[in-house]
Structures are given as structure tokens and as C-alpha cells.
Amino acid sequence: MGRLIAVEGLDGAGKNTLVTGLVRRWRERGVAVATVTFPRYHQSLFADVAAEALHGEHGDLRESVYAMALLFALDRSAAAPEIRAALESNDVVVADRYVASNAAYSAARLAQSADGEVVRWVHDLEFGRLDLPRPDHTLFLAVSADVAMSRAQARSAGDPTRPRDHYERDADLQRRVDATYRELARSGWASPWTEVADAAPETLIDLLGAGVDDPNDAR
């Protein structure tokens with residue numbers, strides 16, 4: 001059975017760069033790796049409806065914190081068989097966003113702390129009722145909210161097919177999400193956490209030797 005590694009952080013923090021670097025380094029060492037990215041836009045009805053709501057469709061759907069969180073949770077639930085199959089056939093499965101993102105955004109939207117009611121609800125819903133695999137380790141890209149937002153804005157400006165959604169345009173929300181992520185990391189929510197300063201190659205080299213067990217041990 002492989003290990004499930006979740007990568008978390010704000011939009012623009014560098015999650016894709018980190019995941020790509022980790023996968024490359026692990027494969028260079030002969031480790032079998034699979035990846036999954038959430039939300040699964042253009043693959044999942046739940047994810048697509050959530051995205052449409054965040055771009056102004058479906059009436060007041062996006063105003064409901066719990067409804068939006070449920071859509072993202074159901075997207076993951078639909079992918080659970082794929083995740084379990086990947087864990088059976090690989091040494092490592094890397095998730096670009098996972099359950100902690102739902103906890104962080106929901107708590108931030110409701111101005112609750114990481115030990116608040118909605119975080120407990122997300123935990124019970126996704127790991128309990130939906131029986132999603134728990135991550136073995138969570139990597140948090142602890143890039144400042146201002147840096148992440150600047151990157152996300154530049155990325156959107158350079159690619160008209162990727163307009164920023166309602167969450168991404170809300171600077172105050174992004175700062176609250178960042179603060180909640182840091183609380184979750186300190187508490188070791190749902191798994192051990194490692195904070196990563198950035199996604200540069202030298203950071204990845206260091207990370208492979210510390211914070212996450214030697215990938216060869218996963219075989």
C-alpha cells in the first residue's frame with residue numbers, strides 16, 4: 001500500500017510546481033508515483049458546478065459555505081475509488097489539494113478558527129461519512145498570502161482562459177485562509193504536516209531528505 005501525500009496552499013503558492021518537482025525526483029529514484037488534483041474541473045459534475053457558482057452562476061449557491069464545501073467533498077468522494085486503486089499500485093500518491101483545503105476555506109469564510117465547528121464538520125463528513133483515505137503526510141506551501149495572490153493575478157492576466165474566481169479575487173478571504181492553514185499545520189490536522197517555504201528545486205532536494213520519509217522506504 002502506497003502513501004498518500006497531500007499538498008496544500010493558496011492559489012499561486014506554487015503547488016503544481018512542488019508536485020511536479022516531487023514526482024520527478026521520486027521517479028528518478030525508482031519510486032512509483034501517481035497524482036490527483038482537486039477540484040477535478042472538467043472531470044466531475046460536482047467540481048464543475050462549484051466552479052460555475054464561483055463565477056456567478058447558480059443563483060446564491062456560492063453564498064452557502066456548507067453547500068460549496070459539500071460539492072468539493074462529493075468531488076473527492078467520487079474520486080475515492082481512483083485514489084484507493086492508485087495507492088494499491090503505487091508507492092506514493094500525491095494530491096494537489098485535499099480535504100484540508102475544504103476545512104481552511106470553510107473556516108475562513110465563516111471567520112472560525114481551525115478548531116471551530118465547520119472544520120469538525122468537514123473532518124466528519126469527508127473522513128467519516130464519505131470514508132476518504134486519510135493523508136499520511138501534508139505538505140503546506142507557507143508562501144505569504146500577498147505573494148501568492150500576486151502570482152495568481154499575474155497568471156490570470158497572462159491566460160484569459162483562467163479568470164480568477166470569487167474566492168481568488170477576495171484578498172481578505174485569502175489572508176484568512178492562509179491563517180487557517182497555518183493553524184491546521186500547527187495542530188497536525190488529520191496527518192503530520194511539514195511547512196515548505198517555496199517550491200524551488202533546492203527546497204525539494206532538502207524536503208526529500210527531511211520532513212517526509214525517504215521515498216525508497218515506501219517500496
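Reader: Which backbone nitrogen does the side chain of E8 reach?

Author: In this predicted model, the side chain of E8, a residue of strand β1 (residues 3-8), reaches the backbone nitrogen of S101 at 3.4 Å.

Reader: What makes the pairing of E8 with Y181 a polar contact?

Author: The two side chains come to 2.8 Å, and a polar contact requires a suitable pair of N or O atoms within 3.5 Å, so the pairing of E8 and Y181 qualifies.

Reader: Why is E8 said to have no salt bridge?

Author: The nearest side chain of opposite charge, R97, is 4.2 Å away, whereas a salt bridge needs a side-chain nitrogen within 4 Å of a carboxyl oxygen; therefore E8, although buried, has no salt bridge. R97 is nevertheless listed among the residues in contact with E8, together with others including K15, Y98 and T138, because contact extends to heavy atoms within 4.5 Å.

Reader: What makes the set that includes M68, Y98 and Y181 a nonpolar core?

Author: A nonpolar core is made of buried residues of certain types, Met and Tyr among them, joined through side-chain atoms within 4.5 Å. The largest such core here has 47 residues, and M68, Y98 and Y181 are among those with the most contacts inside it. Its largest share, eight residues, comes from helix α3 (residues 65-89). A second, separate core of 16 residues includes A13, L18, V19 and V92.

Reader: How much of the protein is buried?

Author: Of the 219 residues in the protein, 53% are buried, the term being reserved for residues under 20% relative accessible area.

Terms used
Residues numbered from 1 in each chain as written. Predicted model: local features only at pLDDT ≥ 70, side-chain atom pairs only at ≥ 80, totals over all residues. Heavy atoms only, no water. Buried < 20%, exposed > 50% of the residue type's maximum accessible area, 1.4 Å probe, protein only. Helix = DSSP H or I, 4+ residues; strand = E, 2+ residues; numbered from the N terminus. Lys, Arg positive; Asp, Glu negative; His and termini not counted. Polar contact = N/O pair within 3.5 Å; in protein donor to acceptor, adjacent residues only side chain to side chain. Lists of a residue's contacts leave out its neighbours within four places in sequence.
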